[in-house]
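Q: Could you take me on a close look at a single part of this structure, and then show me how that part sits in the rest of the fold? I would enjoy one connected account.

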Amino acid sequence: MKNIFILLFLLSATTSFSQARFISSGRVEFERKYNQHSQLEGENEGPWIAEMKKNYPKMITDHYELRFNNERSVYRLLKENPDNKYLWMGKPSESDVTIKDINKGTISMQRDVFEQTYLIQDSLRQLEWRITDETRTIAGFECKKAVTKICDSVYVVAFYTDQIMVNSGPESFSGLPGMILGLAVPRLHTTWFATKVELVDPTPAQLSPSQKGKKASWTQLSTDLNKAMKDWGKEAARILWNSLL
């Protein structure tokens with residue numbers, strides 16, 4: 001009888017490990033935090049800037065969800081935080097939806113930029129990730145740290161888990177051997193961290209939301225923004241980097 005209990009325990013443990021090890025569909029909730037006082041950096045600390053910092057919170061938080069299976073993922077705003085009070089940048093749009101076709105290696109991303117709605121349709125970006133030995137536990141999953149750069153000089157830090165064997169993550173990021181559950185772009189003072197992972201199968205409708213907008217590639221979007229903001233100075237770079245996330 002004792003041997004039977006031991007065998008059952010081992011089988012149960014093996015099954016649980018296998019289920020946790022090879023997750024291929026589900027839902028992830030992300031918390032996005034942004035230090036919006038960073039927009040005031042470099043400004044002369046006069047009465048106007050001091051009043052802005054007093055009236056607008058330093059950190060704003062929004063919640064997103066990523067529904068996925070081993071073929072497709074959809075990332076979008078879950079709910080707008082009514083407690084947020086935004087400065088010039090940072091307010092998310094409920095219509096911004098990012099769809100990654102993992103099998104085809106393509107992305108379809110609806111994004112509001114100024115008064116224009118873009119529909120970016122292009123290949124998934126081939127980022128050069130460097131995987132490190134550092135680990136961190138996020139939403140109950142052990143994650144490995146990886147770093148890369150976008151726009152030639154903007155560093156991105158990611159934490160991914162190979163227990164979720166789906167090559168995706170928040171915003172447009174992917175390209176690691178597993179799901180990205182943590183992301184930080186220090187230069188943009190923004191982080192994304194998973195707060196919950198649910199093992200639920202997404203419906204076909206949830207993986208095929210409607211999208212619209214001016215069709216463009218990554219290159220076309222970058223060209224349009226650079227042209228529109230050629231006289232904006234350093235603020236143009238911040239807007240461009242945010243738009244290319």
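A: Happy to. Let's begin with Thr-148, which has its place in strand 8 (residues 141-150). Do keep in mind that this is a predicted model. Thr-148 has a relative accessibility of 6%, and because buried means under 20%, this threonine counts as buried. Its side chain finds a polar partner in the backbone oxygen of Glu-128, reached at 3.1 Å. If we set aside neighbours within four places in sequence, the contacts of Thr-148 are Leu-127, Glu-128 and Trp-129, together with Val-154, Tyr-155 and Val-156.

One of those contacts leads us inward. Trp-129, touched by Thr-148, is among the residues with the most contacts inside the largest nonpolar core, which has 40 residues. Val-28, Phe-30, Ile-164, Phe-173, Ile-180 and Leu-181 share that listing. Strand 8 supplies at least two residues of this core, as does each of strand 1 (26-35), strand 2 (59-68), strand 3 (72-79), strand 9, strand 10 and strand 11 (190-198). A second core of 14 residues is separate, and includes Ala-216, Trp-218, Leu-225 and Leu-240.

Phe-173 is a good place to pause. Not counting residues up to four places away in sequence, Phe-173 touches Trp-129, Leu-127 and Val-156, along with Lys-100, Arg-125, Ile-150, Ser-168, Ile-180, Leu-183 and Leu-245. Leu-127, Trp-129 and Val-156 are also contacts of Thr-148.

Now for the sheet around strand 8. The sheet is open and has 12 strands, in the order 7-8-9-10-11-1-2-3-4-5-6-12, with mixed pairing. Strand 7 (130-138) and strand 12 (214-216) stand at the edges with a single partner strand each, so one side of each has no neighbour in the sheet. From one strand to the next, the twist averages 25°.

Following the order onward, strand 9 (residues 154-161) and strand 10 (residues 179-185) run antiparallel and are joined by five bridges. Thr-161 has Met-179 of strand 10 as its bridge partner. Strand 11 then offers another threonine to set beside our starting point: Thr-190 lies in this strand and is buried, with a relative accessible area of 2%. A polar atom of the Thr-190 side chain lies 2.7 Å from the backbone oxygen of Leu-188. Beyond residues up to four places away in sequence, Thr-190 touches Arg-32, Lys-33 and Tyr-34, as well as Leu-183, Ala-184 and Val-185.

Further along the order we come to strand 5 (106-113), which is mostly covered, with six of its eight residues buried. Five bridges link it to strand 4 (residues 97-101), antiparallel to it, and Lys-100 stands opposite Ile-107 in strand 5. Strand 4 and strand 5 make a hairpin with four residues between them, and Gly-105 in the turn has a positive phi of about 70°. Strand 5 also runs antiparallel to strand 6, joined by eight bridges, with Asp-112 opposite Thr-117 in strand 6. These two strands form a hairpin as well, with two residues between them and a positive phi of about 55° at Phe-114 in the turn. Helix 3 (residues 218-228) lies across strand 5, strand 6 (116-123) and strand 12, at about 145° to strand 6.

Stepping back to the protein chain, its secondary structure comes to four helices and 12 strands, and 47% of its 245 residues count as buried.

Notes
Residues numbered from 1 in each chain as written. Predicted model: local features only at pLDDT ≥ 70, side-chain atom pairs only at ≥ 80, totals over all residues. Heavy atoms only, no water. Pairing = 2+ DSSP bridges. Axes fitted to C-alpha atoms, helices over the stretch in contact; angles between N-to-C directions. Contact = heavy atoms within 4.5 Å. Buried < 20%, exposed > 50% of the residue type's maximum accessible area, 1.4 Å probe, protein only. Polar contact = N/O pair within 3.5 Å; in protein donor to acceptor, adjacent residues only side chain to side chain. Core = buried A, V, L, I, M, F, W, Y, C linked by side-chain atoms within 4.5 Å.
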